[in-house]
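Please find below a short note for a colleague who is meeting this structure for the first time. The points are numbered for ease of reference.

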Amino acid sequence: MTPAKLLTCITLTALLSLASAPSHAMDPGSHAMAGGALGLKLTKNPMGAFLIGLASHALLDVVPHTNPPLKSPGTQAYLVADGALLYDAWRRNDHDPRIFWGALGGVLPDAEYLHKGQKVFPTHNGTLKHGRHLNKTAATILMVVVNGISYRAMW
Ligand SMILES: [Zn+2]
């Protein structure tokens with residue numbers, strides 16, 4: 001992907017985020033992007049990448065942000081865009097398994113939101129304090145920055 005295409009992609013996703021209501025950031029796509037990038041950069045093996053992905057999920061949950069309404073069209077468009085960027089990064093890195101496992105570790109904790117009941121991940125059950133909520137613009141900027149840095153790290 002050329003820098004121009006990347007810029008278009010990020011601008012488009014930012015506009016989609018701003019257009020969707022209510023405010024949101026740090027969607028599962030951002031967790032996957034950050035986990036994939038950190039897994040690729042910080043370790044040599046896929047299991048290490050998975051564990052780093054899990055740790056990055058906790059770190060991003062602690063940072064001030066706003067959770068996205070997963071049913072909004074804007075969030076779903078954003079997830080598709082994140083998926084496309086992640087796939088592009090994975091393909092350009094010769095399908096490096098650290099990107100896959102890091103991304104999986106990054107996004108997996110949020111799967112427990114698919115069912116009601118007791119949560120186990122530390123930032124979901126209150127063991128670690130979840131970051132305070134940001135307004136829509138700040139939350140969107142933060143999400144775009146996290147995704148942009150992560151994507152660039154997997155260049
Ligand atoms: Zn979470």
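The points that follow concern one pair of helices and one loop in what is a predicted model.

1. Helix H2 spans residues 28–42 and helix H7 spans residues 136–153. Their axes come within 8 Å of each other and cross at roughly 30°. The crossing of H2 and H7 is left-handed.

2. The contact between these two helices can be followed residue by residue. On the H2 side, the participants are Ser30, Met33, Ala34, Gly36, Ala37 and Lys41. On the H7 side, they are Met143, Val146, Asn147, Ser150, Tyr151 and Ala153. By character, the residues of the contact of H2 with H7 comprise seven nonpolar, four polar and one charged.

3. Attention then turns to the loop between helix H4 (73–92) and helix H5 (97–107), where Asp94 is located. Asp94 is not a glycine, yet its phi is positive, at about 50°. Is Asp94 buried or exposed? Asp94 counts as exposed because 8 other C-beta atoms lie within 10 Å, and a residue is exposed if that number is 12 or fewer.

4. His95 also belongs to the loop between H4 and H5. Its phi is positive, at about 55°, although His95 is not a glycine. With 10 other C-beta atoms within 10 Å, His95 is therefore exposed.

5. When viewing the model, the reader may wish to inspect two places: the left-handed crossing of H2 and H7, and the loop between H4 and H5 that holds His95.

Terms used
Residues are numbered from 1 along each chain as its sequence is written. This is a predicted model: local features need pLDDT of at least 70, side-chain atom pairs count only at pLDDT 80 or more; totals for chains, interfaces and linings use all residues. Axes are lines fitted to C-alpha atoms, for helices over the stretch in contact, and angles run from 0 to 180 degrees between N-to-C directions. Helices (H or I, at least four residues) and strands (E, at least two) are DSSP runs, numbered from the N terminus. A crossing is left-handed if the near helix is turned anticlockwise from the far one by less than a right angle, and right-handed if clockwise. Two residues are in contact if their C-beta atoms, placed from the backbone, lie within 7 Å. Ala, Val, Leu, Ile, Met, Phe, Trp, Tyr, Cys and Pro count as nonpolar, Asp, Glu, Lys and Arg as charged, and the others, Gly among them, as polar. A residue is buried if 20 or more other C-beta atoms lie within 10 Å of its own, exposed if 12 or fewer, and partly exposed in between; C-beta atoms are placed from the backbone.
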